[in-house]
Amino acid sequence: MSGVGITGSLVIMAIMSVAGGCERYRIEYHTRPNYYKNAMTGATKDRVTLDDGTVLVFTSRAVFDDVGDDNDGADDGSSQRFQIREELDDGTIVLRAFLPQHVLANTMTCLRNQEYELIWEQLLSERTKRSYEALEQDYEDFAVFFAAHRLELAATLTRLMLGLSRGESFMGNVGDGVVRFYFHPRIGPEFEFKTVEVVAEGGGLKLLMIK
């Protein structure tokens, strides 16, 4: 699977008058799905200036995670659109993932809400749970680790998703049903955790590991 970004973008080279002269600077307009903004920890900025002077301008769009309905565009209320996170009437939360980005977005939201049991029960792959069992560890060990590294994990997931559209991170198929997110070499050293792997399992996608 080749690298796929989660945002669309429009790049404009702007020219502004400075002290009687002209200075060129770069503006990148990005659209990002609402689920991405909602998943990010803390406030999200709609305008960011990078060290090289590039200005990033973000707008959100309502999407249903690139999964359409089956009614050929009809909107008669008879079909439900796909949601990666749904809260049922009884308060139960159901997580779904049919794209690798869904796994990252759901994990980010769970980290923000400190919902470690939800990650364990619905996001984590059975392969990973078996690895815990082989080490005589269980959910409690998992929760302790995620709680201790919550901010670092969230930082990695956030930058991996944002970086897909800018060539700062990539997504690729590494075999055996595993998709890996990883940083460009110049970005990786900034983060404690550098890769995330997602695996096809049970008709969807699950979190295999963050390392």
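**Exercise 1. Two helices**

How do the axes of H2 and H3 cross, and within what distance do they come? Work out the relative direction of the two helices and name the residues in contact.

Solution. The model is a predicted one.

Step 1. Two packed helices are described by the angle between their axes and the distance between the axes.

Step 2. For H2 and H3, the axes cross at roughly 155° and come within 8 Å.

Step 3. Angles over 145 degrees count as roughly antiparallel, and H2 and H3 are therefore roughly antiparallel to each other.

Step 4. On the H2 side, the contact is made by Asn-106, Thr-107, Cys-110 and Leu-111. On the H3 side, Tyr-116, Leu-118, Ile-119 and Leu-123 make the contact.

Step 5. Thr-107 belongs to helix H2, which covers residues 100–113. With 1% relative accessibility, Thr-107 counts as buried. Not counting residues up to four places away in sequence, Thr-107 touches Ile-119, Leu-123, Leu-157 and Leu-207.

**Exercise 2. Two loop residues**

Place Arg-96 and Glu-115 in the chain, and decide for each whether the residue is buried or partly exposed.

Solution.

Step 1. Arg-96 lies in the loop between strand S6 (93–95) and H2. Glu-115 is found in the loop between H2 and H3.

Step 2. The relative accessibility of Arg-96 is 26%, and Arg-96 counts as partly exposed. For Glu-115 the value is 17%. Buried means under 20%, so Glu-115 counts as buried.

Step 3. Leaving aside neighbours within four places in sequence, Arg-96 is in contact with Phe-82, Gln-83, Ile-84, Glu-86, His-102 and Asn-106. With neighbours within four places again left aside, Glu-115 is in contact with Arg-85, Ile-93, Thr-109 and Cys-110.

Step 4. Arg-96 and Lys-206 are 110 residues apart along the chain, and their C-alpha atoms are separated by 9.1 Å. Glu-115 and Ala-143 are 28 residues apart along the chain, with their C-alpha atoms separated by 9.1 Å.

**Exercise 3. The sides of helix H4**

Which residues of helix H4 are buried, and what covers them?

Solution.

Step 1. Helix H4 spans residues 126–134, and its buried residues are Thr-128, Lys-129 and Tyr-132.

Step 2. These buried residues lie on the same side of H4, because they cover an arc of only 100° around the axis.

Step 3. Glu-133 and Ala-134, on the other side of H4, are exposed.

Step 4. The cover over the buried residues of H4 includes helix H3 (116–123), helix H5 (139–148) and strand S10 (204–210).

Step 5. Just after H4 comes Glu-136, which takes a positive phi of about 60°.

**Exercise 4. An aromatic pair**

Describe the ring pair Tyr-139 and Phe-142, and find the cluster that includes both residues.

Solution.

Step 1. A pair of aromatic rings is described by the distance of the centres and the angle of the planes.

Step 2. A search of the whole structure finds 10 aromatic pairs. In the pair of Tyr-139 and Phe-142, the ring centres are 6.4 Å apart and the planes stand at 40°, so the pair is tilted.

Step 3. Tyr-139 and Phe-142 are three residues apart in helix H5, which means a separation of about one helical turn.

Step 4. Tyr-139 is partly exposed, at a relative accessible area of 21%, whereas Phe-142 counts as buried at 1% relative accessibility.

Step 5. Ring pairs link Tyr-139 and Phe-142 into a cluster with Trp-120, Tyr-132, Phe-145, Phe-146 and Phe-193.

**Exercise 5. A four-stranded sheet**

What is the order of the strands in the open sheet of four strands, and which strands stand at the edges?

Solution.

Step 1. The order is S7-S8-S9-S10, and the pairing is antiparallel.

Step 2. Strand S7 (169–175) and S10 are the edge strands. Each has a single partner strand, so one side of each has no neighbour in the sheet.

Step 3. On average, neighbouring strands of this sheet are turned by 25° against each other, direction ignored.

Step 4. S7 is joined to strand S8 (residues 178–183) by six bridges, and Gly-172 stands opposite Arg-180 in S8. The two strands form a hairpin with two residues between them. Asp-176, in the turn, has a positive phi of about 60°.

Step 5. Five bridges join S8 to S9. The bridge partner of Arg-180 in S9 is Glu-197.

Step 6. Strand S9 (residues 195–201) pairs with S10 over six bridges, and Ala-200 stands opposite Leu-205 in S10.

Conventions
Residues numbered from 1 in each chain as written. Predicted model: local features only at pLDDT ≥ 70, side-chain atom pairs only at ≥ 80, totals over all residues. Heavy atoms only, no water. Buried < 20%, exposed > 50% of the residue type's maximum accessible area, 1.4 Å probe, protein only. Arc of directions from axis to C-beta. Contact = heavy atoms within 4.5 Å. Phe/Tyr/Trp six-rings, centres within 6.5 Å; stacked < 30°, edge-to-face > 60°. Pairing = 2+ DSSP bridges. Axes fitted to C-alpha atoms, helices over the stretch in contact; angles between N-to-C directions. Parallel < 35°, antiparallel > 145°, perpendicular 65-115°, else oblique.
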